Amino acid sequence: MNRRVFGITGWKNSGKTTLTEKLVTELVRRGWKVSTVKHAHHDFDIDRPGADSFRHRQAGATEVAIVSGNRWALMHELRGEDEPTLEAVLSRLAPCDLVLVEGYKREAHPKIETRRLEAKDRTPLSAGDPNIVAVAADFAAEREPLPVFDLNDVESIADFIERATGLVA
């Protein structure tokens with residue numbers, strides 16, 4: 001399946017999550033159905049100890065689905081398997097207009113790089129990644145060959161993503 005995928009990448013504390021959240025809000029407001037994929041570090045958990053689903057996983061279940069009238073979630077314990085590729089994760093998502101991918105610095109989809117003065121590292125990633133097609137920064141990015149947006153100019157960034165992914169001409 002050919003999906004519209006656009007990434008938000010950058011160093012730790014560069015504003016990726018905040019920008020992703022604001023972009024989802026803006027793109028949904030514009031009428032698009034948006035899904036997200038977030039790359040997390042190693043041992044994250046979305047389940048609290050003592051919950052039935054947590055107990056199922058602790059008992060050894062590989063997959064645990066939690067289903068209610070409002071939402072459902074599927075957790076998959078790797079149990080020694082390799083981390084799935086981004087492509088494998090994308091293939092499991094329901095159809096939508098656009099998938100925003102937070103993280104996944106080394107993948108080959110088009111991305112915007114976030115930069116903040118308070119970030120862990122301010123070394124530009126764009127110099128070594130031809131898939132970075134724009135920059136969003138909270139400071140003036142001098143001599144940047146790519147389009148540069150103010151990190152808080154969500155409307156202009158959303159316009160750019162709509163054009164870059166073919167959602168609009």
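Here is a walk through the packing of this predicted model, from its core out to its surface.

Let's start inside. In soluble globular proteins, nonpolar side chains tend to end up buried together. Here, the largest nonpolar core has 19 residues, and L19, L23, L100, I112 and I157 are the ones with the most contacts inside it. Several elements chip in: at least two residues of this core come from each of β1 (5-10), α1 (16-29), β5 (98-102), β7 (132-137) and α4 (154-165). The top contributor is α4, with five residues.

L19 is a good place to look around. Leaving aside residues up to four places away in sequence, L19 touches I8, I112, T114, A136, L151, V154 and I157. Apart from the 19-residue core lies another one, made of seven residues, including V37, L90, V101 and Y104.

Now for the rings. The structure holds two aromatic pairs. One of them is F6 with F160, an edge-to-face arrangement at 6.4 Å centre to centre, with 80° between the planes. This pair ties together distant parts of the chain, since F6 sits in strand β1 and F160 in helix α4, 154 residues apart. Both F6 and F160 are buried. Add F149, and F6, F149 and F160 make up one aromatic cluster.

Finally, the outside. V67, W72 and L74 form a nonpolar patch on the surface, together offering about 360 Å² of accessible area. W72 belongs to strand β4 (residues 72-76). Why does W72 count as exposed? Its relative accessible area is 61%, and the cut-off for exposed is over 50%.

Note on methods: Residues numbered from 1 in each chain as written. Predicted model: local features only at pLDDT ≥ 70, side-chain atom pairs only at ≥ 80, totals over all residues. Heavy atoms only, no water. Patch = residues over 30% accessible without salt bridge, like charges linked within 9 Å, V, L, I, M, F, W, Y side chains within 5 Å. Areas by Shrake-Rupley, 256 points an atom, 1.4 Å probe, with all protein chains shown as cover. Salt bridge = Lys/Arg side-chain N within 4 Å of Asp/Glu carboxyl O. Helix = DSSP H or I, 4+ residues; strand = E, 2+ residues; numbered from the N terminus. Buried < 20%, exposed > 50% of the residue type's maximum accessible area, 1.4 Å probe, protein only. Core = buried A, V, L, I, M, F, W, Y, C linked by side-chain atoms within 4.5 Å. Contact = heavy atoms within 4.5 Å. Phe/Tyr/Trp six-rings, centres within 6.5 Å; stacked < 30°, edge-to-face > 60°.
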